[in-house]
Amino acid sequence: MTSALQFTQNLTATPTSAQRRAEILADPGFGKHFTDHMVTATWTPDAGWHDAGIVPYGPIALDPAAAVLHYAQEIFEGLKAYRHADGTVWAFRPEANGERLARSAKRLALPALPVEDFLASIDLLVRTDLDWVPSGGEQSLYLRPFMFASEAFLGVRPAHEIKYLVIASPVGSYFSGGIKPVSIWLSSNYTRAALGGTGAAKCGGNYAASLAAQLEAAAHGCDQVCFLDAVERKWVEELGGMNLYFVHADGRLVTPELTGTILEGVTRSSILTLAKELDLDVEERRVDIDEWRRGVEDGRITEVFACGTAAVITPVGRLVWDGGEVASPVTTADGVGEVTGRLRQALVDIQYGRRADTHGWLRRLA
Ligand code: COI
(Lines give C-alpha, C1' and ligand atoms only; values in the text may rest on other atoms or scores of the structure.)
Protein backbone atom coordinates (compact mmCIF):
# COMPACT_ATOMS: atom_id res chain seq x y z
CA MET A 1 0.00 0.00 0.00
CA THR A 2 1.24 3.51 -0.66
CA SER A 3 1.06 6.38 1.78
CA ALA A 4 -2.18 8.34 1.79
CA LEU A 5 -0.52 11.36 3.37
CA GLN A 6 0.75 14.02 0.99
CA PHE A 7 3.97 15.64 2.20
CA THR A 8 4.77 19.21 1.19
CA GLN A 9 8.38 20.34 0.87
CA ASN A 10 9.88 23.42 2.47
CA LEU A 11 13.64 23.05 2.31
CA THR A 12 16.07 25.07 4.42
CA ALA A 13 17.69 28.13 2.88
CA THR A 14 20.71 27.66 5.16
CA PRO A 15 21.84 24.01 4.98
CA THR A 16 24.86 22.93 7.01
CA SER A 17 28.03 23.40 4.97
CA ALA A 18 29.70 20.28 3.56
CA GLN A 19 32.76 21.05 5.67
CA ARG A 20 30.81 21.32 8.94
CA ARG A 21 28.86 18.17 8.11
CA ALA A 22 32.10 16.28 7.46
CA GLU A 23 33.44 17.45 10.85
CA ILE A 24 30.28 16.17 12.57
CA LEU A 25 30.29 12.85 10.71
CA ALA A 26 33.94 12.28 11.62
CA ASP A 27 32.89 11.83 15.27
CA PRO A 28 29.12 12.10 15.65
CA GLY A 29 28.74 10.65 19.15
CA PHE A 30 25.10 9.70 19.89
CA GLY A 31 22.09 11.99 19.53
CA LYS A 32 24.04 15.23 19.71
CA HIS A 33 23.79 16.47 16.12
CA PHE A 34 20.75 16.68 13.90
CA THR A 35 20.24 16.86 10.15
CA ASP A 36 18.92 19.89 8.25
CA HIS A 37 15.28 18.81 8.04
CA MET A 38 12.47 17.12 9.92
CA VAL A 39 9.05 15.72 9.09
CA THR A 40 5.95 17.11 10.75
CA ALA A 41 2.27 16.22 10.57
CA THR A 42 -0.81 17.12 12.59
CA TRP A 43 -3.85 15.09 13.60
CA THR A 44 -7.23 16.34 14.67
CA PRO A 45 -10.42 14.29 15.16
CA ASP A 46 -12.17 15.95 12.19
CA ALA A 47 -9.34 16.12 9.65
CA GLY A 48 -7.35 13.03 10.70
CA TRP A 49 -3.66 13.25 9.74
CA HIS A 50 -2.98 16.36 7.67
CA ASP A 51 -0.51 19.22 7.10
CA ALA A 52 2.30 16.73 6.54
CA GLY A 53 5.56 18.01 5.20
CA ILE A 54 9.30 18.23 5.39
CA VAL A 55 10.53 21.47 6.94
CA PRO A 56 13.85 22.91 8.15
CA TYR A 57 14.99 21.32 11.42
CA GLY A 58 14.41 23.69 14.31
CA PRO A 59 12.54 24.52 17.52
CA ILE A 60 8.79 24.02 17.56
CA ALA A 61 6.34 26.43 19.15
CA LEU A 62 4.21 24.84 21.87
CA ASP A 63 1.45 26.40 23.90
CA PRO A 64 2.44 26.20 27.60
CA ALA A 65 -0.85 24.38 28.16
CA ALA A 66 -0.01 21.68 25.57
CA ALA A 67 -1.22 18.44 27.14
CA VAL A 68 2.09 16.62 26.62
CA LEU A 69 3.82 19.03 28.99
CA HIS A 70 1.39 18.14 31.76
CA TYR A 71 0.21 14.57 31.24
CA ALA A 72 2.98 13.09 29.08
CA GLN A 73 0.75 11.78 26.29
CA GLU A 74 3.72 10.92 24.10
CA ILE A 75 5.30 7.96 22.27
CA PHE A 76 8.41 7.50 20.16
CA GLU A 77 10.40 5.09 18.04
CA GLY A 78 14.07 4.53 17.28
CA LEU A 79 15.47 2.98 14.10
CA LYS A 80 18.53 3.39 11.95
CA ALA A 81 19.45 3.94 8.29
CA TYR A 82 22.71 2.31 7.19
CA ARG A 83 24.97 3.20 4.28
CA HIS A 84 26.29 0.11 2.52
CA ALA A 85 29.72 -0.10 0.89
CA ASP A 86 28.16 0.56 -2.54
CA GLY A 87 26.68 3.85 -1.30
CA THR A 88 23.05 2.66 -1.11
CA VAL A 89 21.11 3.44 2.07
CA TRP A 90 18.79 1.01 3.88
CA ALA A 91 16.55 0.95 6.93
CA PHE A 92 16.41 -2.13 9.16
CA ARG A 93 12.91 -3.54 9.73
CA PRO A 94 11.15 -0.15 9.68
CA GLU A 95 7.77 -1.89 9.35
CA ALA A 96 8.34 -3.39 12.82
CA ASN A 97 8.87 0.10 14.23
CA GLY A 98 5.78 1.39 12.44
CA GLU A 99 3.72 -1.46 13.88
CA ARG A 100 5.09 -0.88 17.38
CA LEU A 101 4.35 2.84 17.11
CA ALA A 102 0.75 1.90 16.33
CA ARG A 103 0.61 -0.39 19.40
CA SER A 104 2.14 2.30 21.60
CA ALA A 105 -0.37 4.81 20.19
CA LYS A 106 -3.25 2.58 21.20
CA ARG A 107 -1.95 2.30 24.78
CA LEU A 108 -1.41 6.06 25.11
CA ALA A 109 -4.80 6.88 23.52
CA LEU A 110 -3.08 8.52 20.57
CA PRO A 111 -4.29 8.21 16.97
CA ALA A 112 -2.73 5.43 14.89
CA LEU A 113 -0.47 6.56 12.09
CA PRO A 114 -0.83 4.05 9.22
CA VAL A 115 2.41 2.08 8.77
CA GLU A 116 2.55 3.22 5.11
CA ASP A 117 2.58 6.85 6.24
CA PHE A 118 5.23 6.05 8.86
CA LEU A 119 7.41 4.44 6.15
CA ALA A 120 6.81 7.36 3.79
CA SER A 121 7.91 9.82 6.49
CA ILE A 122 11.15 7.87 7.08
CA ASP A 123 11.86 7.56 3.33
CA LEU A 124 11.29 11.27 2.80
CA LEU A 125 13.54 12.46 5.63
CA VAL A 126 16.41 10.12 4.76
CA ARG A 127 16.22 10.97 1.04
CA THR A 128 16.14 14.68 1.80
CA ASP A 129 19.11 14.51 4.20
CA LEU A 130 20.92 11.68 2.43
CA ASP A 131 24.33 13.30 2.77
CA TRP A 132 23.95 12.97 6.52
CA VAL A 133 23.99 9.17 6.45
CA PRO A 134 27.54 8.40 7.62
CA SER A 135 29.74 5.79 6.02
CA GLY A 136 32.20 5.14 8.87
CA GLY A 137 32.36 1.72 10.55
CA GLU A 138 29.25 1.10 12.68
CA GLN A 139 27.98 4.60 12.10
CA SER A 140 24.39 5.16 10.98
CA LEU A 141 21.63 7.73 10.82
CA TYR A 142 19.45 7.28 13.91
CA LEU A 143 15.81 8.13 13.16
CA ARG A 144 13.54 9.30 15.92
CA PRO A 145 9.84 9.39 15.02
CA PHE A 146 7.61 10.66 17.84
CA MET A 147 4.05 11.73 18.51
CA PHE A 148 2.63 13.93 21.24
CA ALA A 149 -0.43 15.78 22.49
CA SER A 150 -0.12 19.42 21.38
CA GLU A 151 -3.64 20.55 22.24
CA ALA A 152 -3.71 23.43 24.73
CA PHE A 153 -6.13 22.06 27.30
CA LEU A 154 -5.65 21.21 30.96
CA GLY A 155 -8.44 18.66 31.38
CA VAL A 156 -7.29 15.05 31.57
CA ARG A 157 -8.55 13.34 28.41
CA PRO A 158 -6.99 12.23 25.10
CA ALA A 159 -5.92 15.40 23.30
CA HIS A 160 -7.72 16.61 20.19
CA GLU A 161 -4.59 17.88 18.51
CA ILE A 162 -1.57 15.63 18.01
CA LYS A 163 1.77 16.28 16.34
CA TYR A 164 3.94 13.64 14.64
CA LEU A 165 7.57 14.46 13.91
CA VAL A 166 10.62 12.61 12.65
CA ILE A 167 14.10 13.91 13.34
CA ALA A 168 17.41 12.31 12.40
CA SER A 169 20.80 12.21 14.08
CA PRO A 170 24.04 10.81 12.66
CA VAL A 171 25.43 8.45 15.30
CA GLY A 172 28.36 6.28 16.24
CA SER A 173 28.45 4.14 19.36
CA TYR A 174 25.67 4.63 21.96
CA PHE A 175 28.11 4.22 24.84
CA SER A 176 30.93 6.71 24.77
CA GLY A 177 33.50 3.99 25.55
CA GLY A 178 32.59 2.05 22.37
CA ILE A 179 31.85 -1.68 22.60
CA LYS A 180 33.02 -2.74 26.02
CA PRO A 181 31.19 -4.51 28.85
CA VAL A 182 28.71 -2.32 30.73
CA SER A 183 28.08 -2.69 34.45
CA ILE A 184 24.55 -3.08 35.75
CA TRP A 185 22.96 -1.90 38.98
CA LEU A 186 20.08 -4.06 40.14
CA SER A 187 17.35 -1.73 41.35
CA SER A 188 15.52 -2.82 44.46
CA ASN A 189 13.91 0.55 45.21
CA TYR A 190 12.25 1.04 41.84
CA THR A 191 10.35 -0.98 39.26
CA ARG A 192 9.79 -0.03 35.65
CA ALA A 193 6.35 -1.39 34.86
CA ALA A 194 3.44 -3.38 36.24
CA LEU A 195 0.91 -5.55 34.43
CA GLY A 196 -1.69 -3.35 32.80
CA GLY A 197 0.69 -0.39 32.80
CA THR A 198 2.67 1.09 29.93
CA GLY A 199 5.76 -1.14 30.08
CA ALA A 200 5.25 -2.61 26.61
CA ALA A 201 4.67 0.81 25.03
CA LYS A 202 7.53 3.01 23.90
CA CYS A 203 6.45 6.14 25.74
CA GLY A 204 8.63 8.86 27.16
CA GLY A 205 7.14 8.35 30.62
CA ASN A 206 8.77 4.92 30.95
CA TYR A 207 12.17 6.47 30.33
CA ALA A 208 11.50 9.39 32.68
CA ALA A 209 10.57 6.88 35.39
CA SER A 210 13.83 5.01 34.87
CA LEU A 211 16.03 8.02 35.52
CA ALA A 212 15.98 8.01 39.35
CA ALA A 213 17.09 4.37 39.22
CA GLN A 214 19.70 5.30 36.64
CA LEU A 215 21.03 7.92 39.08
CA GLU A 216 21.25 5.21 41.73
CA ALA A 217 23.17 3.07 39.25
CA ALA A 218 25.62 5.89 38.63
CA ALA A 219 26.01 6.47 42.38
CA HIS A 220 27.05 2.80 42.65
CA GLY A 221 29.54 3.17 39.82
CA CYS A 222 27.34 1.35 37.28
CA ASP A 223 26.52 2.25 33.67
CA GLN A 224 22.94 0.97 33.50
CA VAL A 225 20.09 -0.17 35.70
CA CYS A 226 18.21 -3.50 35.62
CA PHE A 227 14.59 -3.68 36.71
CA LEU A 228 12.80 -6.64 38.28
CA ASP A 229 9.08 -7.39 38.01
CA ALA A 230 6.82 -5.24 40.16
CA VAL A 231 4.95 -8.10 41.91
CA GLU A 232 7.44 -10.68 43.16
CA ARG A 233 10.50 -8.52 42.69
CA LYS A 234 12.52 -11.46 41.41
CA TRP A 235 11.96 -11.82 37.66
CA VAL A 236 14.41 -10.02 35.41
CA GLU A 237 12.60 -7.56 33.13
CA GLU A 238 14.91 -5.24 31.21
CA LEU A 239 17.37 -2.38 31.52
CA GLY A 240 16.34 1.28 31.38
CA GLY A 241 16.28 1.15 27.57
CA MET A 242 17.51 -2.27 26.44
CA ASN A 243 16.49 -5.94 26.55
CA LEU A 244 18.68 -8.65 28.13
CA TYR A 245 20.02 -12.02 26.95
CA PHE A 246 21.83 -14.82 28.82
CA VAL A 247 24.18 -17.29 27.13
CA HIS A 248 24.29 -20.64 28.93
CA ALA A 249 27.31 -22.95 28.92
CA ASP A 250 25.16 -25.72 27.40
CA GLY A 251 24.43 -23.62 24.29
CA ARG A 252 21.05 -22.20 25.30
CA LEU A 253 20.27 -18.54 24.77
CA VAL A 254 17.67 -17.24 27.21
CA THR A 255 15.78 -13.95 27.24
CA PRO A 256 12.94 -12.81 29.51
CA GLU A 257 9.61 -13.56 27.85
CA LEU A 258 7.26 -10.73 26.90
CA THR A 259 4.81 -10.53 29.74
CA GLY A 260 3.19 -7.24 28.84
CA THR A 261 5.59 -5.26 31.01
CA ILE A 262 8.66 -5.57 28.77
CA LEU A 263 9.33 -3.57 25.63
CA GLU A 264 9.22 -5.73 22.51
CA GLY A 265 12.59 -4.72 21.08
CA VAL A 266 13.15 -5.05 17.34
CA THR A 267 16.77 -6.02 18.04
CA ARG A 268 15.55 -8.52 20.65
CA SER A 269 13.27 -10.16 18.11
CA SER A 270 15.95 -10.16 15.37
CA ILE A 271 18.37 -11.93 17.73
CA LEU A 272 15.79 -14.64 18.42
CA THR A 273 15.74 -15.40 14.69
CA LEU A 274 19.49 -15.11 14.14
CA ALA A 275 20.31 -17.29 17.16
CA LYS A 276 18.33 -20.20 15.72
CA GLU A 277 20.32 -19.85 12.50
CA LEU A 278 23.53 -19.94 14.52
CA ASP A 279 22.36 -23.24 16.07
CA LEU A 280 21.61 -21.87 19.50
CA ASP A 281 18.63 -23.19 21.44
CA VAL A 282 16.54 -20.17 22.20
CA GLU A 283 14.31 -19.89 25.26
CA GLU A 284 11.91 -17.08 25.99
CA ARG A 285 10.87 -17.52 29.58
CA ARG A 286 10.94 -15.86 32.95
CA VAL A 287 14.46 -15.43 34.36
CA ASP A 288 14.88 -15.41 38.14
CA ILE A 289 17.46 -12.87 39.30
CA ASP A 290 19.06 -15.68 41.34
CA GLU A 291 19.50 -17.66 38.14
CA TRP A 292 21.60 -14.74 36.82
CA ARG A 293 23.57 -14.31 40.07
CA ARG A 294 24.25 -18.01 40.65
CA GLY A 295 24.60 -18.87 36.97
CA VAL A 296 27.43 -16.40 36.50
CA GLU A 297 29.03 -17.50 39.78
CA ASP A 298 29.01 -21.23 39.02
CA GLY A 299 29.71 -20.93 35.29
CA ARG A 300 26.33 -22.07 33.97
CA ILE A 301 25.88 -18.62 32.44
CA THR A 302 28.92 -17.71 30.39
CA GLU A 303 27.84 -14.44 28.79
CA VAL A 304 25.23 -11.75 29.37
CA PHE A 305 24.41 -9.03 26.88
CA ALA A 306 22.01 -6.14 26.39
CA CYS A 307 20.43 -5.19 23.10
CA GLY A 308 18.55 -2.32 21.51
CA THR A 309 18.53 -0.28 18.34
CA ALA A 310 20.76 2.40 19.80
CA ALA A 311 23.23 0.12 21.60
CA VAL A 312 22.98 -2.81 19.10
CA ILE A 313 24.43 -5.69 21.19
CA THR A 314 26.49 -4.67 24.20
CA PRO A 315 28.19 -7.12 26.57
CA VAL A 316 27.24 -6.95 30.24
CA GLY A 317 30.10 -7.26 32.72
CA ARG A 318 29.34 -6.73 36.41
CA LEU A 319 25.95 -7.10 38.06
CA VAL A 320 25.93 -5.10 41.29
CA TRP A 321 23.23 -5.07 43.98
CA ASP A 322 22.84 -3.84 47.50
CA GLY A 323 25.21 -6.21 49.25
CA GLY A 324 27.15 -7.93 46.50
CA GLU A 325 28.18 -8.33 42.92
CA VAL A 326 29.10 -10.91 40.30
CA ALA A 327 31.08 -10.37 37.13
CA SER A 328 30.67 -12.29 33.89
CA PRO A 329 33.95 -13.97 32.96
CA VAL A 330 36.10 -12.15 30.42
CA THR A 331 37.08 -14.74 27.82
CA THR A 332 38.15 -12.57 24.91
CA ALA A 333 40.59 -9.69 24.53
CA ASP A 334 37.87 -7.12 23.82
CA GLY A 335 35.52 -8.38 26.54
CA VAL A 336 32.83 -9.35 24.02
CA GLY A 337 31.96 -12.99 24.69
CA GLU A 338 32.21 -15.53 21.88
CA VAL A 339 28.47 -16.05 21.34
CA THR A 340 27.72 -12.35 21.93
CA GLY A 341 30.33 -11.49 19.30
CA ARG A 342 28.96 -13.97 16.76
CA LEU A 343 25.39 -12.71 17.14
CA ARG A 344 26.55 -9.11 17.00
CA GLN A 345 28.57 -9.71 13.86
CA ALA A 346 25.69 -11.54 12.14
CA LEU A 347 23.31 -8.69 12.96
CA VAL A 348 25.54 -5.79 11.90
CA ASP A 349 26.65 -7.68 8.79
CA ILE A 350 23.01 -7.84 7.67
CA GLN A 351 22.43 -4.20 8.59
CA TYR A 352 25.49 -3.05 6.62
CA GLY A 353 24.80 -5.34 3.65
CA ARG A 354 27.71 -7.71 4.22
CA ARG A 355 25.55 -10.77 4.90
CA ALA A 356 22.56 -11.99 2.88
CA ASP A 357 19.30 -10.50 4.12
CA THR A 358 17.32 -13.75 3.94
CA HIS A 359 14.43 -12.35 6.02
CA GLY A 360 13.67 -9.27 3.96
CA TRP A 361 14.60 -7.05 6.91
CA LEU A 362 16.20 -4.27 4.86
CA ARG A 363 14.18 -1.60 3.07
CA ARG A 364 16.04 0.41 0.49
CA LEU A 365 15.73 4.16 1.06
CA ALA A 366 18.18 5.46 -1.53
C1 COI B 1 16.78 2.64 21.14
O2 COI B 1 17.49 1.67 21.42
O3 COI B 1 16.66 3.05 19.99
C4 COI B 1 16.02 3.37 22.17
O5 COI B 1 15.06 3.96 21.85
C6 COI B 1 16.47 3.36 23.56
C7 COI B 1 17.26 4.52 24.03
C8 COI B 1 18.19 3.97 25.08
C9 COI B 1 18.02 5.31 23.05
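Here is a short chat about a predicted model and its ligand.

Colleague: How is the chain divided into domains?

Modeller: The split gives two stretches of the chain. In contact with each other are 21 residues from domain 1 and 22 residues from domain 2. By residue number, the domains are domain 1 (8-171) and domain 2 (182-351).

Colleague: What distance separates the centres of domain 1 and domain 2?

Modeller: The centres here are taken over C-alpha atoms. On that basis, domain 1 and domain 2 have centres separated by 27 Å.

Colleague: Where does the ligand lie relative to domain 1 and domain 2?

Modeller: Start with the shell: Phe76, Tyr142, Arg144, Tyr174, Lys202, Gly241, Gly308, Thr309 and Ala310 surround the ligand. Domain 1 (8-171) and domain 2 (182-351) both supply residues to that shell, so the ligand lies between them.

Colleague: How many residues of each class are in the shell around the ligand?

Modeller: Phe76 and Ala310 are among the residues around the ligand, and so are Arg144 and Lys202. Sorted by class, the shell comes to four nonpolar, three polar and two charged residues.

Colleague: Which side chain has an N or O atom 2.6 Å from an oxygen atom of the ligand?

Modeller: Lys202 has a side-chain N or O atom 2.9 Å from a ligand oxygen, and a polar backbone atom of Ala310 is 2.9 Å from a ligand oxygen. The 2.6 Å distance belongs to the side chain of Tyr142.

Colleague: How much of the ligand does the protein bury?

Modeller: The space the ligand takes up is the largest pocket. On its own the ligand would expose 280 Å². Of that area, the protein buries 89%.

Methods: Residues are numbered from 1 along each chain as its sequence is written. This is a predicted model: local features need pLDDT of at least 70, side-chain atom pairs count only at pLDDT 80 or more; totals for chains, interfaces and linings use all residues. Side-chain values use heavy atoms; hydrogens and water are left out. A residue is near a molecule or strand if one of its heavy atoms lies within 4 Å of it. A polar contact is a pair of N or O atoms within 3.5 Å; within protein, one must be able to donate a hydrogen and the other to accept it, and residues adjacent in sequence count only if both atoms are side-chain atoms. Accessible areas come from the Shrake-Rupley method with a 1.4 Å probe; for residues, only the protein chains shown count as cover. On a 1 Å grid over the protein atoms alone, a cavity is a set of points where a 1.4 Å probe fits but cannot get out, and a pocket is an open set with protein on both sides within 12 Å along at least five of seven lines; lining residues have an atom within 4 Å of a point. A molecule sits in a cavity or pocket if more than half of its atoms lie within 2 Å of its grid points. Ala, Val, Leu, Ile, Met, Phe, Trp, Tyr, Cys and Pro count as nonpolar, Asp, Glu, Lys and Arg as charged, and the others, Gly among them, as polar. Domain bounds come from an automatic or database domain assignment. Contact means heavy atoms within 4.5 Å.
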